[in-house]
Amino acid sequence: IVDKNDADKQQEWRVIQEVCLKILKDTDFKVIKAYELGIPVNAELVLYRQAIRDLFNNVNNVDPWNIVWPIKPELE
């Protein structure tokens, strides 16, 4: 077994952050649509997106090989 070094950890975090950005980008249209229509953004979507942003920003506090991804809400 080989211990992961700092470079491995940084690379893994870059991948995780790229996934986080893709998730946010893929859900942006729901938020924009709600704002354009003047309706509230789905509360579950708001919480999900915040959890993704929190994960993106938790580089120093979470083991990148043991990520617990937030569950995407079912949206119509």
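This section describes the packing of two helices in a predicted model, followed by the nonpolar core and several individual residues.

Two packed helices are described by the angle between their axes and the distance between the axes. In the present model, helix 1 spans residues 6-37 and helix 2 spans residues 43-57. Their axes come within 9 Å and cross at roughly 155 degrees. Angles over 145 degrees count as roughly antiparallel, and helix 1 is therefore roughly antiparallel to helix 2. The crossing of the two helices is left-handed.

The contact between the helices involves residues from both partners. On the side of helix 1, the participating residues are Trp13, Ile16, Gln17, Cys20, Leu21, Ile23, Leu24, Thr27, Asp28, Lys30 and Val31. These meet Leu45, Tyr48, Arg49, Ile52, Arg53, Leu55 and Phe56 of helix 2. By class, the contact comprises 12 nonpolar, 2 polar and 4 charged residues.

In soluble globular proteins, nonpolar side chains tend to be buried together. The largest nonpolar core of the model contains 13 residues, of which Ile16, Ile52 and Leu55 touch the most other members. Helix 1 and helix 2 each supply at least two residues of this core. The largest contribution comes from helix 1, with 7 residues. Apart from neighbours within four places in sequence, Ile16 is in contact with Leu55, Pro64, Ile67 and Trp69. Both Ile16 and Leu55 also belong to the contact between helix 1 and helix 2.

Three residues of helix 2 were examined for accessibility. Arg49, located in helix 2, has a relative accessible area of 12%. The cut-off for a buried residue is under 20%, so Arg49 is classed as buried. When residues up to four places away in sequence are not counted, Arg49 touches Leu24, Thr27, Asp28 and Val31. These four residues are among those of helix 1 that meet helix 2.

Ala51 is also placed in helix 2. Its relative accessibility is 27%, and Ala51 counts as partly exposed because this value falls between the limits of 20% and 50%. Ala51 and Asn61 are separated by 10 residues in sequence and by 14 Å in space, C-alpha to C-alpha.

Leu47 likewise lies in helix 2. With a relative accessibility of 62%, Leu47 counts as exposed, since the cut-off for that class is over 50%. Leu47 and Glu12 are 35 residues apart in sequence, and their C-alpha atoms are 24 Å apart in space.

How values were computed
Residues numbered from 1 in each chain as written. Predicted model: local features only at pLDDT ≥ 70, side-chain atom pairs only at ≥ 80, totals over all residues. Heavy atoms only, no water. Axes fitted to C-alpha atoms, helices over the stretch in contact; angles between N-to-C directions. Parallel < 35°, antiparallel > 145°, perpendicular 65-115°, else oblique. Left-handed = near helix turned anticlockwise from the far one by under 90°. Contact = heavy atoms within 4.5 Å. Nonpolar A, V, L, I, M, F, W, Y, C, P; charged D, E, K, R; others polar. Core = buried A, V, L, I, M, F, W, Y, C linked by side-chain atoms within 4.5 Å. Buried < 20%, exposed > 50% of the residue type's maximum accessible area, 1.4 Å probe, protein only.
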